[in-house]
Structure formats: structure tokens, C-alpha cells
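I opened this notebook to keep track of what I looked up, in the order in which I looked. Each entry takes up one topic.

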Amino acid sequence: MAQPNLATGMMPYYRHAWALAPLLITVIFAAYLIALTPTLSLLGTPASRADWWWRIAVGSACGVGADCAMALAHSAVVACVARILAGLSVGLVTGSLAGLILERRGERGRTAMASATVIGSALGTFAAAVVAQYLPAPGVAVYAGHAVLLAGAAAAVVSDRAVRPAAAGSRSGAASLVAEPAAAGYLTGISAWVSAGLVVALLPSYGAELLGTGNLVLLALPVVLYLVTAWLAQRALPPNRLPAEPITAQLIIIAGVLIAAAVAWLPSLPLLLCGGAVAGCGQGLAYRAGLRIVSVAAPPEHHARLSSRFAAVAYLCAAVGTIALGAVASLAAMRDAVPAGALTLIVIVAATAAVRRRAASRAANVPLVSSTTA
């Protein structure tokens, strides 16, 4: 997950070097998601455990290829090609790694998967910004170093194919989640990733414009905080501790986005950091809640397939939403894109609440219908 986020920490650099409009920034970001979604749907769902390994190997090779393409890129066109390779990479490995992690960690694997996603994203964003800001050849050094690390990690994973199933553990909280409609899980995942698209694709450039700074490390901090707090929230709050967790998580995301939107009227780095941190807390909880809702009742052999489907839906909606927000930023102004993102998230949480309410109503009517029939 670090590879597709390397460009995030460097996007203000690319925006200046290549004279990118906001819409083109979001197109570069969305190229990754657009390639990722069909890959997850068509190739990312392994039929059996034996199919995990070639997907991990080929997907990692695509990631190394994405690094090489970005190291050679001198225009947005080559960057889009690199992002497509990154989408192929993550799409191929997601389902297989999900199956492997869930096999070896059991119920704790869902939190581990979400943690790996946000930690890798945060490290990729921050490390790229630091290297680009303080070391020579910023467009090359970042990607060359990552290509070596990714190749080594892939070799280590593929070489360890032993079956080591996790010990049977407690499934506390599963019963309450079985009643959650799958649509609520997908909508929660969509909310998590639409907010991620907004923060990752636009917030660094948003901060550069409103705060008047070109320091890549400072501009990467809101994204890093967003990702780190997403992980911390998952660790600090066990599943199902919040009331109506899918709704509450989305409301936290919206609160963070609204705080970030306030920077347009009160330019302040601490305020922008606060918005990123609050939205990140909600994103982490929403991602985990959505994944649990769609997969908790399924047998282990179906987890990889359901994880891939969940990710494909969320990423596709994130791609569409990100491009739409980029269009808003280009046609109106960068400061208008963040409030537009908040409005989009409000619509999604309203849809989630309606789906849950309808499911609860149907569940309440079941005993009445049964007793009447009897």
C-alpha cells in the first residue's frame, strides 16, 4: 500500500513541475482506482489457496514496474501509466493477502488488514515527502528505494507458503453484525474511501494554496495524520463499541472534512491537521465496520472473495467521487472542493441510515408475520 501513496507526498512537487490543474491531479489519482477496480473484480478473487501465490508475485512485479515508470516520468501521461500499474498491483494482491492474513490471524486478521492498509499508506506518503524535500533527485530516489523494498517483501511472502491456520478465537460481536444489511457495509466502505480520495488527492494542494507554503513535508502532514489516526482508532476502539458504528464512523469523517473546509476562511495549519486527524479516525472505523459487515457471517474460504468485492465497490466509487471533486476544484476553486466532499459524504450517510432503518423494520416484522401464520 505504500507504492500508490508515494505520489501523494510528492503531488505538490509534481503540480509545480508539470503545471497540473486540479482536475488533472485527480485524474492521476483516479487512474490507480480505475485500474484497481476491474482487476479486483476479474483477477483479484482467487478460487483457492493455491492461486494466492502467483497473484502476489505478479502483483508485486507490477508494483515494481510502477516504481520504474514514476522514476522515469516527466509528464502526467507517464504518471497515469504508472498509476495504472499500481492499480493492477494492488488489485492482484488484495484478495490473496486478505485470505492469507485471515487464515493465519483469524478474527484479528480484519483489524490487521485495515492496519496494514493505513500504515503502508502513511509511511509511503510521509517517506516520499521527506525524501523529495531533503534529498537530491526527488523523482527518482523515492521510487528506486521503494522498488527494492517491495521486491524483497514479495520474495519473503511468496517463499513462505506453509498452512498455519489461526487458533479458533472468540467471535464476539459477530451475532450483532449478522443483522446488518450488506448494503450498509458497502455504503460505509464507500464513505471511507471517498473521504480518502478527497484527503489524499486534494488536501496537499488545498493546503499549498490556502496556506501559501511549498514545503512538501508540511503539506503531507494532514494526509499522514489522516492515515495514522485511522489506524489508531481501530486499535483503540474494539468493534461494536460505538452505537450504530457504521453511522457514527461516517459522522466522524464528515466532522473532520468540515473542519478542513473551515481552513478556507481561517487559514491555519493546525486547523487543517485537526481536520485530517478527525476524518482519519472516522475513516479507520468506517473501513473496518464495512469490511466486517460484508464478511463476518461468511465462512473463511469466502473471505478473500468478499474482501475483493468490498474493495472493488469502494474504490470505484472513490475514483468517481475524486474526479468529480477535482472537476469542482477546476471549474470553481480548490476551496469549493472540500465542502462539496462533505456534502457528498452527508448524502452517503443518509443513504446508510435509510438502508439500516429499512432492514430493522423488516426484521421487526418477521416475528409478527410468523405468529400470524401460526
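The entries below go through the nonpolar cores, the salt bridges, the cysteines and the largest pocket.

**Entry 1, the model and its cores.** I noted at the outset that this is a predicted model, and then I turned to the buried nonpolar residues. The largest nonpolar core has 67 residues, and the members that touch the most others are Leu33, Trp193, Tyr206, Val257 and Val338. When I looked up which element gives the most to this core, I found helix α8 (residues 182-211), with 16 residues. I also recorded a second, separate core of 25 residues, and Met70, Ala71, Ala132 and Val142 are among its members.

I then followed Trp193 further, leaving out residues up to four places away in sequence, and listed its contacts as Thr117, Gln283, Tyr287, Ala314, Tyr315 and Ala318.

**Entry 2, the salt bridges.** I counted 6 salt bridges in the structure, and I went through three of them in turn.

In the pair of Glu245 and Arg288, the closest N and O atoms are 3.8 Å apart. Glu245 lies in helix α10 (residues 245-261) and Arg288 in helix α11 (residues 269-295), so this salt bridge ties together parts that are 43 residues apart in sequence. I asked myself whether Arg288 is buried or exposed. Arg288 has a relative accessibility of 1% and counts as buried, and its partner Glu245 is buried as well, with a relative accessible area of 6%.

Still on this topic, I noted that Arg49, Glu103, Arg104 and Asp160 are joined into one network by salt bridges that share partners. Within it I looked up the pair of Glu103 and Arg104, whose closest N and O atoms are 4.0 Å apart. Glu103 is buried at 17% relative accessible area, whereas Arg104, at 21%, counts as partly exposed, because the limit for buried is under 20%.

The third pair is Arg356 with Glu180, where the N to O distance is 2.9 Å. I marked this salt bridge as a link between distant parts of the chain, since Arg356 sits in helix α13 (residues 334-373) and Glu180 in the loop between α7 (174-178) and α8, 176 residues apart. Arg356 is partly exposed, with a relative accessible area of 22%, while Glu180 is buried, with 15%.

**Entry 3, the cysteines.** How many disulfides are there? I found a count of 0. For Cys62, which is in no disulfide, the nearest cysteine sulfur belongs to Cys68 and is 12 Å away, and I noted Cys62 as buried at 16% relative accessibility. For Cys281, the closest cysteine sulfur is that of Cys274, at 9.6 Å, which is too far for a bond; Cys281 itself is partly exposed, with a relative accessible area of 27%.

**Entry 4, the largest pocket.** I looked last at the open space in the model, and wrote down a volume of about 1100 Å³ for the largest pocket. This pocket is lined by 42 residues, of which Met1, Ala2, Val93, Leu97 and Ala116 are the closest to its centre. Which helix gives the most to the lining of the largest pocket? That is α4, with 10 residues. I added that several helices each supply at least two residues of this lining, including α1 (2-18), α3 (52-72), α4 (76-105), α5 (109-134) and α6 (138-159), and that α11 and α12 (303-331) do so too.

Technical notes: Residues numbered from 1 in each chain as written. Predicted model: local features only at pLDDT ≥ 70, side-chain atom pairs only at ≥ 80, totals over all residues. Heavy atoms only, no water. Core = buried A, V, L, I, M, F, W, Y, C linked by side-chain atoms within 4.5 Å. Buried < 20%, exposed > 50% of the residue type's maximum accessible area, 1.4 Å probe, protein only. Helix = DSSP H or I, 4+ residues; strand = E, 2+ residues; numbered from the N terminus. Contact = heavy atoms within 4.5 Å. Salt bridge = Lys/Arg side-chain N within 4 Å of Asp/Glu carboxyl O. Disulfide = S-S within 2.5 Å. 1 Å grid on protein atoms, 1.4 Å probe; cavity = no way out; pocket = protein on both sides within 12 Å on 5 of 7 lines; lining within 4 Å. Points joined across faces, edges and corners; volume = space filled by probe spheres on them.
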